[in-house]
Amino acid sequence: MGACEKSSWAVFLGFLFTFSLLLCMAQADVHSYTLVLQETEFERLCENKSILVANGSFPGPTVWTHRGDTVVVTVVNKGNYGVTIHWHGARQMYNPWHDGPAYVTQCPIQPQQNFTQTIVLDKEEGTLWWHAHNDWTRASTIILGEWYGKNLTEMVINATRTGGDVDTSVAYTINGQPGDFYQCSKEPTYRMAVDPNKTYLLRIISAIMNEEMFFGIANHTLTLVGMDGAYLEQVNTSYIMIAPGQTMDVLVTTDQKPSHYYVLGIPFVDTQAPSDTTTPSAILHYSGRYEPPAYPNSIILPGLTERNSAESFMRLLKSLVDDKHPIKVPLNITKRLYLTVSVNNVECAQGDTCEGPHGNRHSASLNNISWTVPNIDILQAYYRKLPGIYYTDFPDQPPRYFDFAGDVGDNVTYPVVGRTVVKPIEYGSEVELIFQGTNIPAAENHPMHLHGYSFYLVGFGRGNFSLNMSIPTYNLTHPPKINTVALPKNGWATIRFKANNPGVWFMHCHLECHASWGMAMAFLLRKRACATCPRICPLVRDHCDEIDGASSSPLSAPVTVIDSAELVSSSESCWFVGGQTHLPQLVVVSSSSSGYGGLN
């Protein structure tokens, strides 16, 4: 498709400060700018509340860019807590220092300090986004999804202390507004003004914290054309099912009688855990002269628990394959991991009072190892050869096998806690990851997100993965290329990718409660020499909880550049850090109060 068209619409499903990247096809450019984060008062549902926003925009601003561009962002934290920014879906080739997950690739940006990130775009096309990536900070602004009735930071601090739940949201939102079906919310309902007989591109981002969402527009067909920064084979559908962290690019033709039409979301709730089951709405508003209806035309979406509808939609997803969009599904698998994905709990410490299940603390794990946050980011620890920060014995398979998706019996194990464990992967490996959902103790869908890579979803299904039954169902000819996969409840999903991007790359469930309980791990991938790329390493410090009294933190100090000649001889070379030898020219960035991104 051609140059970026700024007339397209964006629909954000989520509650956080977020920032969208609109990727189009053109020549590579570079743009540098500043992003200021600070607390601002907003009114929703008859109440005022202070939330963290970017550049005073609610939802966040928009960046229009092209495939191959470089974006340089100085993040200034004027908030009250440390924060990092993750560029979700950007592969960041040879540039893991600027990926953003706290304690994995950097320390949090402390209040009144700043950090400059370089976002190197490669082959991505479509809609990407950024969000905060430590604790629940990404919930600080609205886009379609969640509004919390209490101070979220205080709720998270209390839940961390007690091991209990964080209260569910009280509303979902579409582009910052809950819509007609909430108290004090009908008048400011978000309206999308459209002209008859035109085709609009919707860039749909799920920034929702803890639920998947069915989404549709009354009387209008959705044509899905892209997902997670890559093209899909076009498919017409009456609804989509989008999981937290996913982005989708949808064409809508305004071929109906001029009127008002509801844009609705229905959460997909496949768990017994407490959930927000309310309905957000917006209105598709045709231009022209006509008698407006008393109520907008409505749509019937799949119900809260309609698992068949969710999985039927997933089966529609196939990559666009042509001369301009070839796919390279790894076929010679050299590294295979079988990962059990579990919600666990851990015993309450003696003398403590815990508010999790059976008086214990909530926990979560991959292969029965619960992610433990280190006191300095893993990338620095590797670079500086710091002992005892992380360990490299993450297992390729669970500690024991049983009926994972069925009657787990007495196999409800407490996970390993207190050790930060990563998985080393050899550069050039063709990797297969088999996610296996478990029935411990409350199963549900898990949107699993991998940083630094897009991957092919080659198969998924219900029940336990089986070599004899599951592998024959693989789609190896045109599987969707995505970065976040919705692992079915008590089911399995298989992804494949080639390990060609050195760095430390985080992988985690994008349900915020599960990630904060430990449903995460990291891959360590190194390449010892790169003759064409400079290596750029931020100046380091000893611990992430150090706060420099000066106006700028060590993380925002000048970087050290190690040229390629030093790579082989230097004992402290940043083997996987770098960018391009030549920076392109200038990126065009647009800001909007309804921050959105898209595919042109």
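This report covers two sheets, one helix and three loop residues of a predicted model.

Local features rest on pLDDT of at least 70, side-chain atom pairs count only at pLDDT 80 or more, and totals for chains, interfaces and linings use all residues. Residues are numbered from 1 along each chain as its sequence is written, and side-chain values use heavy atoms, with hydrogens and water left out.

**Two open sheets**

Helices (H or I, at least four residues) and strands (E, at least two) are DSSP runs, numbered from the N terminus. Two strands pair if DSSP finds at least two bridges between them. Strands of a sheet pair through backbone hydrogen bonds, either parallel or antiparallel.

One open sheet has five strands in the order S10-S18-S17-S12-S15, with mixed pairing. Its edges are S10 (191-194) and S15 (240-242), and each pairs on one side only. The twist averages 25 degrees from one strand to the next. Angles run from 0 to 180 degrees between N-to-C directions, and axes are lines fitted to C-alpha atoms, for helices over the stretch in contact. S12 (residues 212-217) and S15 run antiparallel, joined by three bridges. Phe-215 stands opposite Ile-240 in S15. Helix H2 (residues 307-314) lies across S12, S15 and S17 (260-268), at about 95 degrees to S15.

Another open sheet of five strands follows the order S21-S29-S28-S23-S26, again with mixed pairing. S21 (422-426) and S26 (484-487) stand at the edges with a single partner strand each, so one side of each has no neighbour in the sheet. Neighbouring strands here are turned by 20 degrees against each other on average, direction ignored. S28 (residues 503-509) and S29 (residues 520-526) pair in the antiparallel sense over six bridges. Phe-506 has Ala-522 in S29 as its bridge partner.

**Three buried loop residues**

Buried means under 20% relative accessible area, exposed over 50%, and partly exposed in between (1.4 Å probe, protein chains only).

| Residue | Relative accessible area |
|---|---|
| Ser-370 | 3%, buried |
| Gln-92 | 0%, buried |
| Asn-490 | 13%, buried |

Ser-370 lies in the loop between S20 (361-366) and H3 (378-384). A polar atom of its side chain lies 2.8 Å from the backbone oxygen of Ala-364. Contact means heavy atoms within 4.5 Å. Not counting residues up to four places away in sequence, Ser-370 touches several residues, including Pro-415, Arg-419 and Trp-517.

Gln-92 lies in the loop between S7 (85-88) and S8 (113-120). Its phi is positive, about 55 degrees, although Gln-92 is not a glycine. Asn-490 lies between S26 and S27 (491-498), also in a loop. Phi of Asn-490 is near 50 degrees, a positive value in a residue other than glycine.

Terms used
A polar contact is a pair of N or O atoms within 3.5 Å; within protein, one must be able to donate a hydrogen and the other to accept it, and residues adjacent in sequence count only if both atoms are side-chain atoms.
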